[in-house]
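I opened a notebook page for this structure and list below what I looked up, one entry per topic.

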Amino acid sequence: MESLFHEKLKDIPIRRKMMFLIMLTCIITIAASSLFYVAREVYRVNMEQQSLSETMGGIIAKNTESALIFKDSKSASETLSSLAGHKDLLAAYLLDDRYAIFAKYQAKSSVRLPLEGLSLDASLEERRHTVNQIISNNSFIFKLRKYLSVVQPVSLDHQVIGYVVIHSDLKEARNSLFWMLAAALLVMAGSTLAAYVLSSRLQSLISRPILDLVDTMKSVSDTKDFRLRASKRGCDEIGLLYDGFNEMLSEIEERNQILHKRQMHLQQLAHFDTLTRLPNRTLFYDRLNQAVRTAERKNEMLAIFFIDLDHFKDINDTRGHRVGDLLLKSVAKRLVTVIRESDTVARLGGDEFTIFAQNILHTENAHIVAKKIVDVFELPFDLEGKKSFVTASVGVTIYPSDGLSADELLKNADIAMYSVKDSGKNSFRQYNQEMNNRANERVVLQNGLREALQNNELVLYYQPKVDLISGKVSSVEALIRWNHPEKGLIPPGRFIPIAEESGLIIPITDWVLQEACRQAMEWSKVGYPDIRVAANISAYHFKRQTVVETVEEALRATGLPARQLEIELTESSLMQNDDYIIDALNSLKRMGATITIDDFGTGYSSLSYLHRFPVDSLKIDRSFVWNMTKSEQDFALVTAIIAMAKSLKMNTVAEGVETKEQVRCLMELGCDEMQGYLISKPKPPEELLKVLESLKNGCPELM
Amino acid sequence: MFNRIPYLLLLLGCLPVVAAQMAGEYQVKAAMVFNIAKFTEWPSGVRETLKIAVIGKGPFSGALEGLQGKLIRNRSIKVCRVESPSEVKGCQILVVTRSAESLMGAIALESRTHSVLTISDIAGFAKSGGCVGFIEADGQMRFEVNLSALQRARIQMSSQLLKLAKIVREDR
């Protein structure tokens with residue numbers, strides 16, 4: 001039964017279900033109680049009539065005993081007629097012991113009674129049967145019948161002497177039953193109507209909040225708006241359901257927000273550089289790929305700019321990473337101002353920035369943009385209150401001429417940028433095929449350099465420095481060469497930057513120091529005990545702060561006295577780590593080594609630092625020496641350097657001296673030493689020995 | 001139960017009445033004595049037996065012999081003959097035959113003394129101090145009752161019976 005209800009009701013709306021259930025319950029209850037009361041009334045009426053009839057029968061029986069016994073039917077009839085007042089009485093019979101009618105009373109009635117149907121000459125058996133029929137017809141009280149019958153024996157002294165038969169009309173009872181049923185039906189109809197009205201109202205007590213909840217749920221699932229809330233009406237179980245639902249929504253909303261934030265953050269992390277907030281490599285590649293496809297489709301040109309800050313490492317190393325980061329941020333800000341809305345600036349990593357510009361009409365336009373980018377660095381950067389000049393090298397490629405894919409375009413722009421770096425920095429260049437060749441060579445060299453060290457492909461050439469006054473060789477500068485098995489002799493300018501990049505500069509410098517010292521010892525043994533050997537130590541080495549140890553080790557290993565060692569370092573090395581450099585140079589100085597600043601004048605730092613370092617001599621850069629006889633400015637510079645050195649009690653060395661005119665000029669200015677092709681080219685040690693031999697008695701050029 | 005009762009009645013209760021109709025006047029009268037006894041109560045009640053005394057000779061007394069041993073309210077009937085009214089002590093009913101009409105005075109006295117219901121078919125029996133007297137009316141046997149006599153004898157007779165009877169007064 002329950003499962004049947006489930007099956008039938010499961011798909012109809014809950015309000016219908018509730019109404020159905022309420023009404024069903026009402027109707028069943030009302031019907032059951034009506035049925036009970038009607039049945040009870042039927043029973044009661046019947047029983048009343050029955051007991052009334054039985055009482056009458058009993059009275060009749062009691063009062064007709066003697067009449068029966070004494071056969072006095074007249075008296076019996078009189079007794080029966082006393083029943084005439086009873087309105088429900090149909091008939092009363094007094095039968096003798098043989099069931100024959102002894103006396104009777106009959107009210108006016110249309111009902112056909114069984115005893116009337118008996119003929120006068122009916123047999124005893126027939127009469128008895130009729131009486132028994134009357135008795136059995138009366139046995140079921142709820143049977144619908146027209147009249148009620150009572151048969152009571154008349155007995156006297158334990159002997160049955162006759163029977164009283166009373167038939168009562170049930171019309172009244174039937175009428176009252178009819179009205180009762182009608183009233184019950186009316187009440188049922190009324191109740192059903194009331195139940196309908198009530199249930200349609202009352203069901204909303206339960207169904208309304210549920211339906212509201214369903215509506216809220218629907219709108220949440222439709223709009224995906226988890227800010228919606230269901231407003232509850234009470235604190236019953238449905239109220240709890242509301243609370244739970246709302247809590248779930250809050251939870252989902254909160255999680256959604258967190259998820260959204262995280263997604264945004266991940267998106268940011270995945271596609272943007274955290275420092276500069278510029279697009280990162282990934283996003284740039286994405287956009288560039290897209291731009292390339294667009295350009296291909298529209299037949300347009302596309303310019304890619306590869307920007308690398310010059311000397312960024314130095315700033316990072318000397319002023320700390322925080323300042324380096326500040327610089328990168330400022331650079332990012334400036335770069336954004338150069339481009340159009342449709343172009344993209346990205347930070348690929350480190351100090352590398354990239355830009356692409358779409359729809360370039362002419363190559364010249366790309367060059368204009370590149371110039372703008374370079375010019376962005378004209379103004380100094382304010383880094384923690386200190387104004388610093390930073391420049392950048394820019395490599396340019398154009399789609400489609402310099403590459404067809406994003407990868408190729410970027411790679412070539414990188415190559416072009418390196419080409420700028422190699423040729424003086426702070427400028428831009430567009431990519432060309434030759435650059436690629438050089439870049440390739442660079443790769444080849446980089447790969448071969450490590451083996452070169454192991455295979456003794458590196459050799460030292462030596463170039464003497466001559467005292468301008470005595471004309472004698474004062475020291476010999478060790479210059480490294482790479483005797484490449486295929487490419488022949490490679491100058492240091494082509495592989496030292498590579499060595500610095502790869503970190504190989506450390507073992508190379510170690511080797512140079514050792515080899516130079518060893519060579520100097522050798523020369524001491526063959527008769528040149530006073531000649532110093534000069535070795536270049538790169539800025540990189542000073543950064544590692546192992547210069548003193550390296551020098552000590554070389555001297556210890558070779559046994560060369562420190563006074564015979566000269567350390568050459570560039571101006572930029574001095575600028576890196578003030579305290580360490582001062583300490584290191586002081587140590588070297590105490591040991592007895594000579595300290596020389598190489599390529600002096602090319603650096604862009606002020607002269608004020610010089611007196612802080614224990615420098616012995618300044619080597620004037622060859623570019624000034626070459627031009628000093630042609631350019632007044634350069635002459636002035638050389639004059640100034642020499643004058644300054646004298647006042648700081650430093651020696652001066654002119655390098656790159658090629659003409660006698662230069663020698664004469666330098667002598668006039670009071671320069672102390674010189675070095676250059678005029679005296680000797682850098683030469684292998686065995687050849688240099690001949691040079692030393694020839695210069696033993698002074699330099700002929702000074703004579 | 002109801003099925004059987006009629007047969008039983010046929011055999012027992014109704015037999016004397018039916019028989020009386022058949023067997024004649026005295027049989028009917030004897031049955032009436034029996035039936036009247038059923039509706040009568042005596043002041044001291046009735047013990048194990050209900051004694052019917054018959055005084056005088058004749059067919060009536062013979063017919064009464066037939067009542068011997070019958071039961072009324074679980075008491076058996078004992079019929080005995082008496083010669084003198086003084087012998088009626090201990091009897092409940094005295095049937096006076098016509099031959100004993102001369103003893104009326106004594107009979108009335110004894111009836112009153114010993115609470116004996118006197119019944120007779122002597123004409124004017126009730127009027128002359130007897131309790132119940134049989135009479136014939138419209139060809140049917142009826143009876144007269146002298147209420148004063150019953151009162152004197154402290155005998156109660158059912159109103160049902162009285163309803164059928166003809167009430168008479170004594171002649172004074």
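**Entry 1. A:Thr363.**
I looked up the accessibility of A:Thr363 in this predicted model. The relative accessibility is 29%, so A:Thr363 counts as partly exposed; the cut-off for buried is under 20% and for exposed over 50%. A:Thr363 belongs to helix H9 of chain A, residues 363–375. I then listed its contacts, leaving out residues up to four places away in sequence: A:Met301, A:Ile398 and A:Gln430. For A:Ile398 I also took the C-alpha separation, which is 7.5 Å, with the two positions 35 residues apart along the chain.

**Entry 2. A:Leu692.**
Is A:Leu692 buried or exposed? At 2% relative accessibility I put A:Leu692 down as buried. A:Leu692 sits in helix H21 of chain A, residues 685–694. Not counting residues up to four places away in sequence, A:Leu692 touches A:Val473, A:Val476, A:Trp523, A:Tyr528 and A:Ile531. I checked A:Val473 for distance: A:Leu692 is 219 residues from A:Val473 in sequence, yet their C-alpha atoms are 7.3 Å apart.

**Entry 3. Strand S15 of chain A.**
I went next to strand S15 of chain A, residues 532–536. Four of its five residues are buried, so the strand is largely enclosed by the rest of the structure. Which strands pair with S15(A)? Strand S13 of chain A, residues 473–484, pairs with S15(A) in the parallel sense over three bridges. Strand S16 of chain A, residues 565–570, also runs parallel to S15(A), and four bridges join them. I traced one residue across both pairings. A:Ala534 stands opposite A:Glu477 in the pairing with S13(A), and its bridge partner in S16(A) is A:Glu566. As a general reminder, strands of a sheet pair through backbone hydrogen bonds, either parallel or antiparallel.

**Entry 4. Strands S18, S19 and S20 of chain A.**
I followed the pairing from strand S18 (residues 617–620) to strand S19 (residues 651–654), both of chain A, and found them parallel and joined by four bridges. S19(A) also pairs with strand S20 of chain A, residues 673–674, in the parallel sense over two bridges. A:Val653 appears in both pairings: A:Lys619 stands opposite A:Val653, and A:Val653 in turn stands opposite A:Glu673 in S20(A).

**Entry 5. Nonpolar cores.**
Which residues have the most contacts inside the largest nonpolar core? I noted A:Val551, A:Leu585 and A:Leu618, in a core of 86 residues. Helix H13 of chain A, residues 505–525, supplies the largest share of this core, 10 residues. I listed the contacts of A:Val551, leaving aside neighbours within four places in sequence: A:Leu513, A:Ile537, A:Leu565, A:Ile567, A:Leu588 and A:Met591. Apart from this core lies another, of 60 residues, including B:Ala30, B:Ile119, B:Phe143 and B:Ala165.

**Entry 6. A surface patch on chain A.**
I looked for nonpolar side chains on the surface and noted a patch formed by A:Leu198, A:Leu202, A:Leu205 and A:Ile206. Together the four have about 380 Å² of accessible area. A:Ile206 lies in helix H5 of chain A, residues 171–223. Its relative accessibility is 39%, so A:Ile206 counts as partly exposed.

**Entry 7. The sheet of chain B.**
I read off the strand order of an open sheet of eight strands in chain B: S3-S4-S2-S5-S6-S7-S8-S10, with mixed pairing. Strands S3 (71–72) and S10 (166–168) stand at the edges with a single partner strand each, so one side of each has no neighbour in the sheet. Inside the order I checked one pair. Strand S5 (residues 93–96) and strand S6 (residues 117–120) of chain B are parallel and pair over four bridges. In that pairing B:Val96 stands opposite B:Ser120.

**Entry 8. Chain totals.**
I closed with totals for each chain.

- Chain A has 21 helices and 20 strands. Of its 703 residues, 47% are buried. Its accessible surface comes to about 36,800 Å², 55% of it belonging to carbon and sulfur atoms.
- Chain B has seven helices and 10 strands. Of its 172 residues, 49% are buried. Its accessible surface comes to about 8,500 Å², 53% of it belonging to carbon and sulfur atoms.
- I also took contacts between residues at least 6 apart in sequence. In chain A, 66% of these join residues at least 24 apart; in chain B, 61% do.

Note on methods: Residues numbered from 1 in each chain as written. Chains lettered and ligands numbered in written order. Predicted model: local features only at pLDDT ≥ 70, side-chain atom pairs only at ≥ 80, totals over all residues. Heavy atoms only, no water. Buried < 20%, exposed > 50% of the residue type's maximum accessible area, 1.4 Å probe, protein only. Contact = heavy atoms within 4.5 Å. Areas by Shrake-Rupley, 256 points an atom, 1.4 Å probe, with all protein chains shown as cover. Core = buried A, V, L, I, M, F, W, Y, C linked by side-chain atoms within 4.5 Å. Patch = residues over 30% accessible without salt bridge, like charges linked within 9 Å, V, L, I, M, F, W, Y side chains within 5 Å. Pairing = 2+ DSSP bridges.
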